[in-house]
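The following account leads the reader through the architecture of a predicted model. Attention turns to strand pairing, then to helix packing, and finally to the surroundings of the ligand.

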Amino acid sequence: MLEEQLKQINDEVLACTQCGLRKERHQVVFGSGNPQAPVFIVGEAPGFEEDKTGVAFVGKSGQLLEKILLACNFSREKEVYMGNIVKCRPPHNRTPSIQEQAACLPYLTRQIEIIRPKIIILLGSVALKAFFGPSSRITRERGIWKNWFQYPVMPTYHPSALLRNPTLKRDAWEDFKKVIVRYRELVDSQHACKYI
Ligand code: SF4
């Protein structure tokens with residue numbers, strides 16, 4: 001049932017002409033993970049590898065995210081679903097425009113409504129602003145729980161920012177530790193993590 005509902009959106013996305021990003025993309029990156037995942041991770045946009053494979057978070061940023069998730073004892077198969085604010089790669093990895101984000105965001109919010117996660121993690125400034133408005137600042141608001149409708153939301157740095165500036169990794173890990181604590185409160189009190 002959940003899969004069918006997601007497939008319906010996927011079919012719409014495959015045929016989507018709502019913004020100009022469709023012109024240069026190779027693959028639509030719909031999102032992936034467990035349709036019953038308690039944690040929904042939102043990034044910015046597909047990159048080169050994602051555009052090539054059609055899978056979210058498989059490039060260098062994705063590999064770093066995978067390591068962080070492993071440290072949290074989370075996996076894509078079980079605890080996590082991942083998607084982006086826009087589903088087609090912006091040329092040269094530029095930031096998607098406000099119009100492109102507005103055109104694509106309803107697909108993501110419908111995915112969230114179907115999956116109904118217990119926790120949402122927003123990766124980076126674009127995702128934070130798309131959810132909470134243009135005055136949001138990732139440097140100011142990361143690590144602080146917010147609410148988006150009924151969902152608790154943790155903003156943190158995008159893995160690409162951690163690759164550019166490894167000194168941010170410590171803060172990002174502190175944010176993910178808060179997610180683990182909340183996960184134990186909301187989902188599984190026995191969730192194991194050897195670091196916390
Ligand atoms: S980015 Fe989103 S809105 Fe734009 S064409 Fe792709 S699927 Fe459609």
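**Strands, helices and ligand shell**

Strand S5 (residues 146-148) pairs with S6 in the antiparallel sense, and three bridges connect the two. Within this pairing, asparagine 147 has proline 152 of S6 as its bridge partner. The hairpin that S5 and S6 form has two residues between the strands, and phenylalanine 149 adopts a positive phi near 50° there.

Strand S6 (residues 151-156) also pairs with strand S4 (residues 119-123); these two run parallel and are joined by four bridges. Here isoleucine 121 is matched with methionine 154 in S6 as its bridge partner.

The helical part of this description concerns helix H1 (residues 2-14) and helix H4 (residues 98-115), whose axes lie 10 Å apart and which pack at an angle of about 175°. Because angles over 145 degrees count as roughly antiparallel, H1 and H4 are therefore assigned to that class. On the H1 side the contact is made by Leu2, Gln5, Leu6, Ile9 and Val13, and on the H4 side by Tyr107, Arg110, Gln111 and Ile114. By character, the residues of this contact divide into six nonpolar, two polar and one charged.

Helix H4 also takes part in the surroundings of the ligand, giving the most to the shell with three residues. In total, 13 residues surround the ligand, and the closest are Cys16, Gln18, Cys19, Cys88 and Cys104. The shell divides into nine nonpolar, one polar and three charged residues.

Note on methods:
Residues are numbered from 1 along each chain as its sequence is written. This is a predicted model: local features need pLDDT of at least 70, side-chain atom pairs count only at pLDDT 80 or more; totals for chains, interfaces and linings use all residues. Two strands pair if DSSP finds at least two bridges between them. Axes are lines fitted to C-alpha atoms, for helices over the stretch in contact, and angles run from 0 to 180 degrees between N-to-C directions. Angles under 35 degrees count as roughly parallel, over 145 as roughly antiparallel, 65 to 115 as roughly perpendicular and the rest as oblique. Two residues are in contact if their C-beta atoms, placed from the backbone, lie within 7 Å. Ala, Val, Leu, Ile, Met, Phe, Trp, Tyr, Cys and Pro count as nonpolar, Asp, Glu, Lys and Arg as charged, and the others, Gly among them, as polar. A residue is near a molecule or strand if its C-beta atom, placed from the backbone, lies within 6 Å of it.
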